[in-house]
Amino acid sequence: SNLSWEKDVEYNKSTISCGEFDGIIRNAAIAKGSAECNEILSIYSSPCCYNYATSTGGGSATQDTVPPPPRPDVDFSEVEATTQGTVTLQKEVGEQVQAGETIATVGAIPPPPPPDSGFTEVKTTSEGTIVAQDEVGDKVEAGEIVVQKEVGDKVLAGETILTIGSNTGDEVEVKATQDGYVAVILPQEGTNVENGETVALLAENEEDIAEVQNYANNLAEADAGVEIKADKDGYIAAFMTPEGGNVQDGQTVALVAANVDDVAVVQEYANDLAIAEASSSSSTSYAAPCSLCAAGEIAVDTSILFNGVQTSCLEVYNFLATQTSAGSETCSSGKEALQSACCLKKCDICSGGGIPDWYANVNVNGNSMTCLELDSVISNSLIEQGSQQCKEVLDVAAPACCYEPPTEPCHICRTGTDILDVQSEKNIEYGGATATCGQIFNALYTREEAESQTCSMVSADLPSQCCYDKCDLCGGLQLDAATT
């Protein structure tokens with residue numbers, strides 16, 4: 001599939017490009033078939049992916065509906081929710097389950113953590129019914145429990161909190177084990193309670209009563225939720241709904257493969273299914289946000305007059321990007337009027353030739369950084385292409401950051417016709433030095449031929465440590481990485 005590298009999407013309350021988002025997937029080593037992968041596909045495949053055969057991409061790509069994939073010819077079952085609510089996963093992908101075993105709960109509300117302030121629980125020593133005592137000193141009958149205190153009362157260690165009636169006619173007193181204040185009386189009058197059930201909470205200090213009361217309220221709202229159980233023995237292949245995701249009654253929560261050898265096949269099916277569902281729920285077309293500046297340009301913070309109002313280039317840039325679409329009349333007129341005043345052509349590290357190696361290291365004015373970090377410095381410093389400052393940067397950066405690629409690059413994660421992804425941020429020991437898998441991969445891919453001795457040696461040693469089957473955001477489509 002095709003990725004639109006410059007489109008932007010909202011992720012964790014910030015706006016990033018689809019290309020950057022694809023990098024987040026890679027850096028987090030989110031694997032294909034995982035619950036997190038399927039959640040990402042269901043949300044982001046639609047705005048980020050397009051069909052290269054029917055579109056030129058670049059911000060106004062047509063969203064072709066992807067047909068549902070054929071069911072794989074292996075034995076697997078779909079585990080569906082029986083109610084709507086928030087999902088809490090009880091198992092992990094790859095884990096073996098038995099028929100009737102709980103794999104997730106829906107609508108569960110976990111109990112709150114205990115408050116930081118101290119408190120004690122007052123429990124019954126017998127079952128009975130909570131009743132009110134008509135007069136102080138009245139006999140408490142068998143099966144009755146009388147709470148002798150009220151919320152806010154101060155109690156001392158050894159003071160009676162509960163009086164419990166018994167069949168022998170004797171009354172049993174439940175006493176406070178330490179000083180405190182009655183914060184909560186849990187059962188209402190007329191409630192039947194079990195032996196050992198908590199009836200009251202005592203706060204150590206008067207000022208802590210409200211905190212203990214809040215804890216009790218949250219505890220009362222805790223709910224185990226509805227259990228979603230496997231209907232057959234098997235292995236969890238994929239979660240179609242992630243931890244914390246919302247489901248409707250009848251919606252698929254997980255796919256369970258009957259045989260462990262079929263887990264990968266079912267995961268591939270789940271991945272394709274998530275992409276198909278995302279494309280079918282999207283509109284038939286997607287309009288990219290308006291960009292005041294062209295590719296390779298950056299906006300400058302200059303005061304301007306726009307629509308009769310004194311403002312700045314950056315404010316107009318943000319307004320067009322968030323409130324208008326590419327190709328709209330407002331976008332076109334804004335670009336025509338302001339692009340020359342608000343945008344400058346950014347200093348291009350590899351304008352002299354070659355391909356940028358963004359993760360190569362370069363030393364500029366005594367500061368070591370990656371070429372990608374240097375590119376960010378260039379943008380933030382508004383260094384213009386053709387300027388003397390740009391020339392000085394290129395003299396240092398171009399030799400380190402730009403390269404002519406091998407005819408057939410070395411790919412340490414290629415196994416036959418399959419190409420796995422690289423766990424870029426993973427640190428490993430190799431050749432007597434510590435480096436990330438990404439650094440090693442990048443150095444080989446940009447500098448070494450596939451048939452070289454170095455490539456062969458490293459490719460034999462590192463795939464098991466560095467390579468994995470990455471969550472594929474677009475499947476059979478192209479990623480529109482410029483989308484936000």
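## Buried cysteines

A residue counts as buried when its relative accessible area is under 20%. In this predicted model, Cys 466 has a relative accessible area of 0% and is therefore buried. Cys 437 is buried as well, because its relative accessibility is 0%.

Cys 437 and Cys 466 are joined by a disulfide, with an S to S distance of 2.0 Å. The torsion about that S-S bond is about -75°, so the link is left-handed. Cys 437 belongs to helix H9 (residues 437-447) and Cys 466 to helix H11 (residues 463-466), so the disulfide ties together parts that are 29 residues apart in sequence.

## The protein overall

The protein has 484 residues, and 42% of them count as buried. Its secondary structure consists of 11 helices and 37 strands. Among contacts with a separation of 6 or more, 70% are between residues 24 or more positions apart.

The exposed surface of the protein comes to about 25300 Å². Carbon and sulfur atoms supply 46% of that area.

## Other disulfides

The whole structure contains 9 disulfides. One of them joins Cys 293 to Cys 343, with 2.0 Å from S to S. Cys 293 sits in the loop between helix H4 (263-281) and strand E22 (297-299), while Cys 343 is in strand E25 (residues 343-345), so this pair ties together parts that are 50 residues apart in sequence. The link of Cys 293 and Cys 343 is left-handed, with -85° about the S-S bond. Both of these cysteines are buried.

A disulfide also joins Cys 410 to Cys 455, where the S to S distance is 2.1 Å. This pair links distant parts of the chain, 45 residues apart: Cys 410 is in the loop between strand E29 (402-403) and strand E30 (414-415), and Cys 455 is in helix H10 (residues 453-461). The torsion about the S-S bond of Cys 410 and Cys 455 is about 90°, so the disulfide is right-handed. Cys 410 and Cys 455 are both buried.

## Helix H9 and its cover

Which residues of H9 are buried? They are Cys 437, Gly 438, Ile 440, Phe 441, Asn 442, Leu 444 and Thr 446. An α-helix has 3.6 residues a turn, so residues three or four places apart point the same way.

Several elements cover the buried residues of H9. Among the strands are E29, E32 (421-422), E33 (427-430) and E34 (433-436). The cover also includes helices H10 and H11. H11 holds Cys 466, the disulfide partner of Cys 437 in H9.

## Salt bridges

Side chains of opposite charge can pair when their charged atoms come close. A search of the whole structure finds 10 salt bridges. One is formed by Glu 159 and Lys 149, whose closest N and O atoms are 2.4 Å apart. The two residues lie in distant parts of the chain, 10 residues apart: Glu 159 in the loop between strand E12 (154-155) and strand E13 (160-164), and Lys 149 in the loop between strand E11 (144-147) and E12. Glu 159 is partly exposed because its relative accessible area is 26%. Lys 149 counts as buried because its relative accessibility is 17%.

H9 takes part in a salt bridge through Arg 447, whose partner Asp 357 lies in the loop between strand E26 (355-356) and strand E27 (361-364); the pair therefore ties together parts that are 90 residues apart in sequence. The closest N and O atoms of Asp 357 and Arg 447 are 3.4 Å apart. Asp 357 is buried, at 4% relative accessibility. Arg 447 is partly exposed, with a relative accessible area of 42%.

## A bridge within helix H8, and a network

The side chains of Lys 391 and Asp 395 meet in a salt bridge at 3.4 Å, N to O. Both residues are in helix H8 (residues 388-401), 4 residues apart, which is about one turn of the helix. Lys 391 is partly exposed, with a relative accessible area of 47%.

Elsewhere, Lys 91, Glu 95 and Glu 101 are joined into one network by salt bridges that share partners.

Definitions and conventions: Residues numbered from 1 in each chain as written. Predicted model: local features only at pLDDT ≥ 70, side-chain atom pairs only at ≥ 80, totals over all residues. Heavy atoms only, no water. Buried < 20%, exposed > 50% of the residue type's maximum accessible area, 1.4 Å probe, protein only. Contact = heavy atoms within 4.5 Å. Areas by Shrake-Rupley, 256 points an atom, 1.4 Å probe, with all protein chains shown as cover. Disulfide = S-S within 2.5 Å. Salt bridge = Lys/Arg side-chain N within 4 Å of Asp/Glu carboxyl O.
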